2 protein chains.
Amino acid sequence: MANEKKINYVILGLLNHEPLTGYEIKKRIDHSLKFFWSGSFGSIYPALEALEADGCVEKEEESSGRGKIIYSITEKGRALLREWLVKPAEKDELRYETLLKLFFGRELGREGILDHIQKFEEKIRNELLILEGYAANLEKVQDEEEHKYYLLTVRFGIETYRAYLAWCEEAKAVLQKD
Amino acid sequence: MANEKKINYVILGLLNHEPLTGYEIKKRIDHSLKFFWSGSFGSIYPALEALEADGCVEKEEESSGRGKIIYSITEKGRALLREWLVKPAEKDELRYETLLKLFFGRELGREGILDHIQKFEEKIRNELLILEGYAANLEKVQDEEEHKYYLLTVRFGIETYRAYLAWCEEAKAVLQKD
DNA sequence: GCATGATATATCAGAATGATATATTGATGA
DNA sequence: TCATCAATATATCATTCTGATATATCATGC
């Protein structure tokens with residue numbers, strides 16, 4: 001089969017912490033999971049419907065207001081989540097357009113490639129600051145057991161990004177010495 | 001628009017170095033680009049047909065033998081490649097299922113998470129050896145201008161993977177001290 | 001001669017993206 | 001008071017891409 005709908009497990013994992021609307025799930029993905037996962041509305045909403053039809057999540061529709069739909073995980077959903085969690089990770093994938101352009105760099109030339117590296121470096125530097133902020137918070141507030149795991153993913157990001165920045169310096173040096 | 005067919009530029013970039021069949025393109029992606037890009041037959045063959053209809057590549061069909069189709073880039077194709085190369089990279093994305101499972105680690109527990117980290121570490125260790133082999137070769141044989149850029153992408157992989165391994169040690173230490 | 005693995009092209013269901021459409025709520029400030 | 005704008009919220013769809021499968025040929029070793 002083609003990929004086994006990873007979005008389902010993302011949703012179940014997030015709902016396992018607290019009930020959420022589809023919109024809030026998207027926000028969690030874009031903030032907390034941002035550095036190692038992504039997801040769009042176009043996959044979230046249909047997946048929520050399918051999970052509900054399957055009995056893995058329950059919905060509670062707000063009758064008043066704008067009628068937002070709050071989902072929570074069921075015991076069946078939690079079982080499905082656990083089943084996936086114990087299985088070995090299938091795919092860890094890095095997909096960097098910057099590196100693709102760098103690989104074909106001869107056609108673009110030294111200056112163009114230096115531009116790409118420059119932009120990459122700036123983006124990483126900004127995101128590193130954000131990650132360091134997260135880490136500082138998580139190190140202070142260790143009230144929930146989850147935080148230990150959250151902090152480990154943040155630490156992964158920090159160490160990776162520092163390695164990226166070191167590489168940027170090296171790459172610039174290589175390209176600048178003619 | 002939904003993503004602008006990156007596979008086109010991968011194909012043009014590879015053909016810009018030498019004429020190739022669809023099958024050979026897939027091999028190049030799986031070996032040379034493996035650490036930062038991927039691509040499937042299901043996207044390569046249709047893309048080659050479309051690029052040919054567009055005049056960006058030319059095909060030469062082997063009349064004898066199994067009738068393999070060798071594609072080469074045209075001037076129009078090279079122009080399209082250059083046009084894309086100068087544009088800033090749109091998306092650099094990391095998508096690690098291992099980190100996703102780690103983030104939801106509370107539900108799985110310490111032992112299960114240590115298993116995932118162990119497997120991740122082994123995979124990275126193996127791939128690092130391969131990358132170091134590539135680097136050694138590329139450092140020796142600097143006969144083509146391309147090699148400078150190839151080496152930079154390999155160096156990126158090496159430094160990143162070393163950071164991953166350092167993180168693995170840290171993560172195991174954090175989880176093992178109860 | 002024949003099994004096996006590599007080469008080679010092709011197709012397709014299913015998954016996911018990114019864009020767009022629509023409507024409501026809350027906050028700002030003129 | 002009320003206009004405006006950003007954030008909240010759900011939904012849909014064309015396009016892209018994956019991963020699997022099908023089919024056939026070529027090269028190699030036994």
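This is a short chat about a predicted model with chains A and B.

Q: Any ground rules on numbering and confidence?
A: Residues are numbered from 1 along each chain as its sequence is written, and chains are lettered from A in the order in which they are written. The model is predicted, so local features need pLDDT of at least 70 and side-chain atom pairs count only at pLDDT 80 or more, while totals for chains, interfaces and linings use all residues.

Q: How many residues does each chain put into the contact?
A: Chain A gives 53 residues and chain B gives 53 residues. Two residues are in contact if their C-beta atoms, placed from the backbone, lie within 7 Å.

Q: Which element of chain A gives the most to that side?
A: Helix 8 of chain A, with 16 residues. Helices are DSSP runs of H or I with at least four residues, strands are E runs with at least two, and both are numbered from the N terminus.

Q: What kinds of residues are on chain A's side?
A: There are 27 nonpolar, nine polar and 17 charged. Ala, Val, Leu, Ile, Met, Phe, Trp, Tyr, Cys and Pro count as nonpolar, Asp, Glu, Lys and Arg as charged, and the others, Gly among them, as polar.

Q: Why do we say the copies meet through the same surface?
A: Because 100% of the interface residues of chain A are also interface residues in chain B.

Q: How are the two copies related?
A: A turn of 180° and a shift of 0.0 Å along the axis lay chain A on chain B, with an RMSD of 0.0 Å. The copies are thus related as by a two-fold rotation axis. The superposition is by least squares on C-alpha atoms of residues with pLDDT of at least 70 in both.

Q: Which C-alpha of chain A is nearest the axis?
A: That of A:Leu94, 2.2 Å from the axis.

Q: What about the strands? Do they run parallel or antiparallel?
A: Strand 3 of chain A and strand 3 of chain B run antiparallel, joined by five bridges. Strands pair if DSSP finds at least two bridges between them. A:Arg95 stands opposite B:Glu93.

Q: New topic. At what angle do helix 1 and helix 3 of chain B pack?
A: About 75°, with their axes 10 Å apart. Axes are lines fitted to C-alpha atoms over the stretch in contact, and angles run from 0 to 180 degrees between N-to-C directions. These two helices are therefore roughly perpendicular; that label covers 65 to 115 degrees.

Q: Which residues of helix 1 of chain B make that contact?
A: B:Ile7, B:Asn8 and B:Ile11.

Note on methods. Parallel < 35°, antiparallel > 145°, perpendicular 65-115°, else oblique.
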